[in-house]
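Subject: Structure handover

Dear colleague,

Here is the structure for you to look through. My notes follow below it.

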Amino acid sequence: MESDANVQCKIVVVGDSQCGKSALLNVFAKDCFPECYVPTVFENYTASFDLDMQRVELRLWDTSGSPYYDNVRPLSYPDADAVLICFDISRPETLDSVLKKWRGEIEEFCPNTKMLLVGCKSDLRTELFTKSHSRHTPVSFSQGSNTAKQLSAPYLECSSLQSENSVRDIFHVATLACVNKNNKNMKRRKSSRATKRMSQSGTDMSTVATTHYQRTKAKSCAVM
């Protein structure tokens, strides 16, 4: 069946094992929170976002965070428009992995891809703070934000268990990033073709106009 989407975007989700990647995708694409943890190897989802008058089809790739799959995970990166790097707010070591592992892997296999840093399980931050006997100190918002700055990436947090809106906000931002990238690439290709035509005809290149992309807000989200 042929898609009626105006734009198609590929988003790859990575991060340490059990950091909340699959729950994030299940809530967004299937409107359900997984009742139990099932290790992921590779899983694909499809959903759509309406941005003003433009329908965007999202191809979502869930990946395994296990070191066992380090050699095959890069197969998911080609043609990615954005990569969501996820970590578990209740496990600071998963944030450490963002700079130690995930940044280098993304820069190696898809260096020009937009990155977004996502703190998952934000509800556990409050839960850990209220437990005086807890040995774990959750990741603060400022810690996550500082790591995102080192990636030159937006930082967002969500609770897949308690807030569907926070999940939708993440894919809203990711979709805008993808559409913005696709529009820039399209303008670049058009500019390249125009340059060739102008060079052949001898026209002054200063007269070539640049098209502008107007960012729009998401109006609705529909699961396909």
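Which residue of β3 is the bridge partner of Ile11? Ile11 is partnered by Leu60. Please keep in mind that this is a predicted model.

Confidence

The mean pLDDT over the chain is 78, and 71% of the residues reach at least 70. Residues 189-224 stay under 50 in pLDDT. For that stretch the model has 42 contacts beyond four places in sequence.

Strand β1 and its neighbours

The Ile11-Leu60 bridge belongs to a parallel pairing of β1 with β3 that runs over seven bridges. β1 also pairs with β4, again in the parallel sense, over five bridges. In that pairing Val13 has Leu84 of β4 as its bridge partner. Strand β1 covers residues 7-15, and eight of its nine residues are buried, so the rest of the structure largely encloses it. As background, side chains in a regular strand alternate between the two faces of the sheet.

Helix α1

Helix α1 spans residues 21-30. Eight of its 10 residues are buried, so this helix too is largely enclosed by the rest of the structure. The buried residues are Lys21, Ala23, Leu24, Leu25, Asn26, Val27, Phe28 and Ala29. After α1 comes Asp31, with a positive phi near 60°.

Helix α4

In α4, which comprises residues 141-151, the buried residues are Gly144, Ser145, Thr147, Ala148 and Leu151. Viewed down the helix axis, they lie within an arc of 160°, so they line one face of α4. What do the buried residues of α4 pack against? Their partners are the strands β4 (82-88), β5 (114-120) and β6 (155-157), together with helix α2 (92-109). Ser152 follows α4 and has a positive phi, near 55°.

Aromatic rings

A pair of aromatic rings is described by the distance of the centres and the angle of the planes. The count of aromatic pairs in the model is five. One of them is Tyr68 with Tyr69, an edge-to-face pair with 5.1 Å from centre to centre and 90° between the planes. Tyr68 has a relative accessibility of 70% and therefore counts as exposed, whereas Tyr69, at 24%, counts as partly exposed.

How far apart are the ring centres of Tyr77 and Phe109? The distance is 6.2 Å, and the planes are at 15°, so this pair is stacked. It links distant parts of the chain, with the two positions 32 residues apart in numbering: Tyr77 is in the loop between β3 (54-63) and β4, and Phe109 is in helix α2. Tyr77 counts as buried because its relative accessibility is 1%. Phe109, with a relative accessible area of 37%, is partly exposed.

Ring pairs also join Phe87, Phe141 and Tyr155 into a cluster. By residue number, Phe87 falls in β4 (82-88) and Tyr155 in β6 (155-157), while Phe141 falls in α4 (residues 141-151).

A charge over a ring

Which ring does the charged end of Lys10 sit over? The ring is that of Trp61, and the charged end of Lys10 is 3.9 Å from its centre. Lys10 lies within the range of β1 (residues 7-15), and Trp61 within that of β3 (54-63). These are the two strands that pair in the parallel sense over seven bridges.

Regards

Technical notes. Residues numbered from 1 in each chain as written. Predicted model: local features only at pLDDT ≥ 70, side-chain atom pairs only at ≥ 80, totals over all residues. Heavy atoms only, no water. Buried < 20%, exposed > 50% of the residue type's maximum accessible area, 1.4 Å probe, protein only. Helix = DSSP H or I, 4+ residues; strand = E, 2+ residues; numbered from the N terminus. Arc of directions from axis to C-beta. Contact = heavy atoms within 4.5 Å. Phe/Tyr/Trp six-rings, centres within 6.5 Å; stacked < 30°, edge-to-face > 60°. Lys NZ or Arg CZ within 6 Å of the ring centre and 35° of its normal. pLDDT = per-residue confidence, 0-100. Pairing = 2+ DSSP bridges.
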